[in-house]
Every structure is written in structure tokens, then in C-alpha cells.
Amino acid sequence: MSAAVLREMRWWDLEPVLELEHELFPEDAWSPGMFWSELAHSRGPRATRRYVVAHTAGRIVGYAGLAAAGGLGDVQTIAVERGQWGTGLGARLLTDLLQHATAFECEEVLLEVRVDNTRAQKLYERFGFEPIGFRRGYYQPGNIDALVMRLTVQGTETTDG
């Protein structure tokens, strides 16, 4: 299997992205309108979003998105097709988002992850994200809590010694 190629998400990617979204997150999948709204803020001189897709063999196998405002980045979504789990694709997508967080001059990056998604939590911890709290009942239906994690972007933190 060839390595997936990353590129900016465009409107014509939405149909396969939505298919993957519904496969991976059947109970709380984003709507087409949510993706359209995010993409509307991802281009031009005042862009505040970064959305990227991973494709291989002519099909999308992953995607990710970041929102940025006022020095704060928020990982909106990361999704990797089950057949690509364990290939490092999630780490590549997160790396892309964090590079853009730096370009957006973010001092911190936040994200929410399901408390029962230990695979994703381990990925985020490898990148230096630390748990800072919970959002009770964040994921619906099912009333699943979200673990809130934060990364202080390198180059912006102060050192004490």
C-alpha cells in the first residue's frame, strides 16, 4: 500500500469526506453545512482554518481540520479510515495541523477527544498534548464525556532556566 498524500481539502472532496465521516462517527457526524462553513474560512488572506485530506489510490482515506483565532488553535476533527489505522497517517495529519497552527501564530492548541478513545489520546500525548479538563456529556447521543487536551506551541512558551 502506497503512503497517502496530503493536500488542502477543497469543496469537491466533501462527498467522500462525508462518507468517511459517517462511517467513523455515525452518531455525531458533521453535516455538509458544517464542512462548507469551515471551508469558507480556509482560503484567502484572512483564512482562520486549515483543512487537509489524505488520499491514496485515488480515494480519500483521512482528513483533519484546525480553527485558529486570537492565538488559540482548536483541532476541529481528525479522521483516518480504519484500514489506515497504525500506519502513522493520524500523526501526519496532526503534524500538518500543528505546522499551520504555528503559521497562524497560535500559542496554544486545544482539542476534545472522547474519554473512551484511548488510541487518539495516546497519539495526542505523543505530540505533547496534556489533559486539562473534561466536558461532561459533550458527545451526543450517548452522553459521552470529552477529555480536553492542550498543547503549548513551541517557540511561544517561556523557559525558566
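Helices (H or I, at least four residues) and strands (E, at least two) are taken as DSSP runs and numbered from the N terminus. In this predicted model, strand β2 spans residues 49–56 and includes A54. The relative accessibility of A54 is 0%, and A54 therefore counts as buried, the cut-off for burial being under 20% relative accessible area. Leaving aside residues up to four places away in sequence, A54 is in contact with A4, V5 and L6, with R59, I60, V61 and G62, and with L89 and L93. R10 lies 44 residues from A54 along the chain, and the C-alpha atoms of the two are separated by 12 Å.

Two packed helices are described by the angle between their axes and the distance between the axes. For helix α1 (residues 14–24) and helix α2 (residues 32–40), the angle is about 130 degrees and the axes are 11 Å apart. Helix α1 is therefore oblique to α2. The two helices, α1 and α2, cross in a right-handed sense. On the α1 side, the contact involves L14, V17, L18 and E21, which meet P32, F35, W36 and L39 of α2.

Helix α4 comprises residues 118–126, and its buried residues are A120, Q121, L123 and Y124. These four residues lie on the same side of α4, because the arc they cover around the axis is only 160 degrees. An α-helix has 3.6 residues a turn, so residues three or four places apart point the same way. K122 and R126, on the other side of α4, are exposed. The packing partners of the buried α4 residues are two strands that precede or follow α3 in the numbering, β4 (72–80) and β5 (108–114), together with α3 itself (89–103) and strand β7 (144–152). Just after α4, a positive phi of about 100 degrees is found at G128.

Strand β6 (residues 130–139) runs antiparallel to β7, and six bridges join the two strands. One of the bridge pairs places R135 opposite A146 in β7. Four residues separate β6 from β7 in the hairpin that these strands form. Within the turn, G142 has a positive phi of about 105 degrees. Strand β7 thus has two sets of partners in this description: β7 is paired with β6, and β7 is also among the elements against which the buried residues of α4 pack.

How values were computed. Residues are numbered from 1 along each chain as its sequence is written. This is a predicted model: local features need pLDDT of at least 70, side-chain atom pairs count only at pLDDT 80 or more; totals for chains, interfaces and linings use all residues. Side-chain values use heavy atoms; hydrogens and water are left out. Buried means under 20% relative accessible area, exposed over 50%, partly exposed in between (1.4 Å probe, protein chains only). The arc is that of the directions from the helix axis to the C-beta atoms. Contact means heavy atoms within 4.5 Å. Two strands pair if DSSP finds at least two bridges between them. Axes are lines fitted to C-alpha atoms, for helices over the stretch in contact, and angles run from 0 to 180 degrees between N-to-C directions. Angles under 35 degrees count as roughly parallel, over 145 as roughly antiparallel, 65 to 115 as roughly perpendicular and the rest as oblique. A crossing is left-handed if the near helix is turned anticlockwise from the far one by less than a right angle, and right-handed if clockwise.
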